[in-house]
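Trainee: I would like to test the labels we attach to a model. Please walk me through the reasoning behind them.

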Amino acid sequence: LGKKNFVTLAGEHQDYVVIFVGASVDQLSFAATPQDSVLAHKGMDFAKSYSSKELVSLMYLNEAYAKLSINNQAPFKHMVKGINAGLAACDAFGDTRMLEALLTDLVKREDAFFAPYTAGRAGGVAYLEEGFKMDSFYAGNQPGYDLKSKRQLSGVSKMDDVLFSANWVANSAQTELGLEYIDALGSTAYQAAKQISGLDIEDSSDFKEFKQGFGMADGMFKKDLLDIWGAIRTDLAQGLGSESAIVIDTKGELPTVPMVPEALVKEGKIPRYSYVSTVKERSKISASWDKINTTAESVLKRVGQMTGAEIPMQRPFKSVSDGLTSWTFQIPFTHQNCTPNVSVSDDLFIIGTSPDFATEISAVYEKEATGAPLAEMTLNFDAARELGSNWLTLLDQHGASFMSEFDREQFEEMKPILEGALEASEELDSFSVKTFEAGGEIRSTMHFKTR
């Protein structure tokens, strides 16, 4: 930094406020005509179709700067050089050859993970249309997603009362590189913790607690943790397909907890959550559960020996509906629309908070993919507003039966503010982001939709 200049300027030019950041004031110049400006550059062709829009901003990043961004993505590459230099200059950690080898492997896996990324010109246009929109254009790539395959779960965003949904198809090759990266990071973190726990620091009670906790976990549960990760990393990962979705709706129901007013239990709505994945090989998913279950039984037995209290492994309940098999555990006061569940069919794997929700999601799955090849996310403000209004009404009508006098007074003070917020939010419709390929580049659209 001592050899480089950094200049920032702020001022007015004609009808605009200008903020400049660069290495020299000489870099700041204003073109006499649009034809002489950056707008005439071929890389700005994407902006021409927006000339009639009510523009808010225009962004352009050339390929050279985009490459700088790509090259600086890896967080550990330069950090490891400093760590290795520190280990070479200090013998307090003992024999660090294993840690140094793992650090080298971490950098290798990191390089492999980021290698598929390519840079290109980036641009973006923000404008006012049905609210606020921003369209971006990227001539590089997005290897984490498969933006060429049609989707089988695109229907989740069209389900009734959906508050939030996200749906994408992952690039399986990049997913595997990511898992290898996580493997290397976990192994390195473990070895680092092991080396640190071997230090002789007598004056720190916090370090003593860390040393004892790590020693117990390393001695008693290391194999179990590795077995669980192995079941997820191999069998489960190999059993799941490449398409996934996250869905949250507002059709959940409260658990039937005693002392909760009946009106709240009957009329109160809560969010239901589900993570969904397509299935590639169902037998692999079953194998992963068998390994996790066996490991969990071993852990509970060991914990029971430590505490003197036998802790049996709970057995899940099984139900089948339209080819979808769901497993739930017996939890007091829960019911079919409010209990953690894992549901599996030949086509889908679902983890969620409601077996009913899993059945509804399976109904919108398409065996023949017709959903457009893109990744998308949607937040529905109408559903959020209806949920908030539902609870505001219930608390207003029935709150006196369970609120203390102080809580009721607080609610009455907040009620006009909450009602005002709900009324003001009527202008908000939805927020959505879509990423897709078009014209040989990556396109993204962001829309904050208003009425």
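Mentor: Start with the inventory. The chain has 10 helices and 15 strands. This is a predicted model. Its C-alpha trace spans about 80 × 70 × 55 Å along the principal axes.

Trainee: What share of the 451 residues is buried?

Mentor: Buried residues make up 33% of them. The accessible surface comes to about 26900 Å². Carbon and sulfur atoms account for 57% of that surface.

Trainee: Why is S165 called buried?

Mentor: Its relative accessibility is 4%. Buried means under 20%. Therefore S165 counts as buried.

Trainee: Where does S165 lie, and which residues is it in contact with?

Mentor: S165 lies in strand β6, residues 162-169. Beyond its neighbours within four places in sequence, it is in contact with V156, S157, I246, V247, E376, M377 and T378. A contact here needs heavy atoms within 4.5 Å.

Trainee: Now two cysteines. Why is C90 called partly exposed?

Mentor: C90 has 32% relative accessibility. Partly exposed runs between the 20% limit for buried and the 50% limit for exposed. The value falls in that range, so C90 counts as partly exposed.

Trainee: And C338, buried or exposed?

Mentor: C338 sits at 13% relative accessibility. That is under 20%, so C338 counts as buried.

Trainee: How many disulfides does the structure hold?

Mentor: Zero. A disulfide would need a pair of cysteine sulfur atoms within 2.5 Å.

Trainee: Turn to helix α8. What makes us say that its buried residues are on the same side?

Mentor: First, the residues. In α8, residues 355-363, P355, F357, A358 and I361 are buried. They cover an arc of only 155° around the axis, so they lie on the same side of α8. The general rule is helpful: an α-helix has 3.6 residues a turn, so residues three or four places apart point the same way.

Trainee: Which strands do the buried residues of α8 pack against?

Mentor: They pack against β7 (240-253), β8 (269-279), β10 (324-328), β11 (341-344) and β12 (348-352).

Trainee: What is there to say about D322 and its phi?

Mentor: D322 is not a glycine, yet it has a positive phi of about 50°. It is placed in the loop between β9 (317-321) and β10. Its relative accessible area is 75%. Exposed means over 50%, so D322 is exposed.

Trainee: Which label does F333 get, and why?

Mentor: F333 has a relative accessible area of 41%. That lies between the 20% and 50% limits, so F333 is partly exposed. F333 lies in the loop between β10 and β11. It also has a positive phi, about 75°, although it is not a glycine.

Trainee: How far apart are the C-alpha atoms of G131 and F431?

Mentor: They are separated by 9.9 Å, with the two positions 300 residues apart along the chain. G131 lies in strand β5, residues 131-138. Leaving out residues up to four places away in sequence, G131 touches F448 and T450.

Trainee: What share of the chain's contacts joins residues at least 24 apart?

Mentor: The share is 65%, counted among contacts between residues at least 6 apart in sequence.

Trainee: Last, the charges. How many are positive and how many negative?

Mentor: There are 43 positive and 63 negative charges. Their mean positions are 8 Å apart.

How values were computed:
Residues are numbered from 1 along each chain as its sequence is written. This is a predicted model: local features need pLDDT of at least 70, side-chain atom pairs count only at pLDDT 80 or more; totals for chains, interfaces and linings use all residues. Side-chain values use heavy atoms; hydrogens and water are left out. Helices (H or I, at least four residues) and strands (E, at least two) are DSSP runs, numbered from the N terminus. Buried means under 20% relative accessible area, exposed over 50%, partly exposed in between (1.4 Å probe, protein chains only). Accessible areas come from the Shrake-Rupley method with a 1.4 Å probe; for residues, only the protein chains shown count as cover. Lys and Arg count as positive and Asp and Glu as negative; His and the chain ends are not counted. The place of a charge is taken as NZ of Lys, CZ of Arg, CG of Asp or CD of Glu. The arc is that of the directions from the helix axis to the C-beta atoms.
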